[in-house]
Amino acid sequence: MIDSLYVVLAMAFALGLALRAGSVCLVAATEALLRRRNPDRMLLILEGTGWALVALVLLGAYPIGMSFSQPVVIGLLGAFVFGVGAAVNGACAFGVIAQIGTGRFEYFLTGLGLWIAMQGAVFLDLEAAAMRAGPVLPWSLALWAIAALFLGRLVLLHLRGAVNLGRAVTGSVAIAVAAGCFTSLAVLHREFPWITLLADLSMADLLSVLIAALVVAGAIVAGLLIPDGFELRWPGWRRLVKRFAGGFLMGLGGVLLPGGNDSLLFFGLTTGAPMAVLGLCAVIAGIVATSLISGRRLSPFLRRAAEICGLAERR
């Protein structure tokens, strides 16, 4: 029992380290694709999904019970709202931890906004469709997919003239550790995933609190170890409002489609669940729509698209 407890605590700390070191964030990945046409981070996240599948198979976690809000339209609306909230916030669930690791402690307000919004869940009578599903791929094929994604990232970086093998390997190791630790913690300690805990704090126990604290501590330690990776400063009232508002919208979305983007990626996509695939598309659509409306630092093509759609002022 003691050994398993130490393993859980070590994985929590390693998760925080990996999230900060790899700057794992779906919002950052989507915006890099939108504004710089750089798919590197998006491919890296897909690598993480592959590692999550491998970890879940080795843990014997399949078949996994998945539960999604019904009707489908409501679930997709929730995913879209979650994406909008993540974009307003400036980070997804994983990205929040990574940002805290840079010294931007205003991101704790994201959690407060999430919690307040999710308290509304008790007033909603949403039906849920539950299923139990196995892995969409054998774990050996998942490893081949991971290798292909890594090589694909190197080729794309080479074409862009930005090959940095050390950074590419560091990113892959970070996402592998993050995916493996996150899924393992959820299997070994079911009260862990933070979206679930915020929805019902009565589920939390002392170990849940300790795990969350170690994840944050790991991110901060990684930030302190990275040169110029940690800086405390006053964010300004506008950013404080954005963190809270973004978290609130993420919470509303999380009520309608249970789980954040990390759960959809690592527990839904690994089973090939249609609602997980559609939900992730809706989350990304919410991020894209918000980025287009903001109209800042977009590529010329996307800037023009935003103007045509009336989402940005014409120059």
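Is arginine 153 buried or exposed, and what is its relative accessible area? Arginine 153 is buried, with a relative accessible area of 3%. Keep in mind as you look around that this is a predicted model.

Let's stay with that arginine and look for its partner. General chemistry gives a hint: side chains of opposite charge can pair when their charged atoms come close. Here the partner is glutamate 47, which forms a salt bridge with arginine 153, and the closest N and O atoms are 3.1 Å apart. Glutamate 47 sits in helix α3 (residues 40–58) and arginine 153 in helix α7 (residues 139–159), so their pairing ties together parts that are 106 residues apart in sequence. Glutamate 47 has 1% relative accessibility, and because buried means under 20%, glutamate 47 counts as buried. Salt bridges with shared partners also bring in an aspartate, joining Asp40, Glu47 and Arg153 into one network.

The structure holds four salt bridges, so let's visit another part of that set, centred on glutamate 106. The side chain of glutamate 106 meets that of arginine 104 in a salt bridge, at 3.4 Å from N to O. Glutamate 106 also forms a salt bridge with arginine 243, where the closest N and O atoms are 3.8 Å apart. This second pair links distant parts of the chain: arginine 243 belongs to helix α11, while glutamate 106 lies in the loop between α5 (93–100) and α6, 137 residues away. Are these two residues buried or exposed? Glutamate 106 is buried, with a relative accessible area of 7%, and arginine 243, at 4% relative accessibility, counts as buried too.

Now step one place along the chain from there, to phenylalanine 244, which is also found in helix α11 (residues 237–256). At 30% relative accessibility, phenylalanine 244 counts as partly exposed. Together with Leu112, Trp115 and Ile116, Phe244 makes a nonpolar surface patch of about 310 Å². Which helix gives the most to this patch? That is helix α6 (residues 108–118), with three residues.

From the surface, turn to the nonpolar interior. The largest nonpolar core has 61 residues, and those with the most contacts inside it are Leu15, Phe68, Phe266 and Phe267. Phenylalanine 266 is a good one to click on. Leaving aside its neighbours within four places in sequence, phenylalanine 266 is in contact with several residues, among them Gly48, Thr49, Ala52 and Leu56. Its contacts also include Phe94, Ala179, Phe182 and Thr183.

Terms used
Residues numbered from 1 in each chain as written. Predicted model: local features only at pLDDT ≥ 70, side-chain atom pairs only at ≥ 80, totals over all residues. Heavy atoms only, no water. Patch = residues over 30% accessible without salt bridge, like charges linked within 9 Å, V, L, I, M, F, W, Y side chains within 5 Å. Areas by Shrake-Rupley, 256 points an atom, 1.4 Å probe, with all protein chains shown as cover. Helix = DSSP H or I, 4+ residues; strand = E, 2+ residues; numbered from the N terminus. Buried < 20%, exposed > 50% of the residue type's maximum accessible area, 1.4 Å probe, protein only. Core = buried A, V, L, I, M, F, W, Y, C linked by side-chain atoms within 4.5 Å. Contact = heavy atoms within 4.5 Å.
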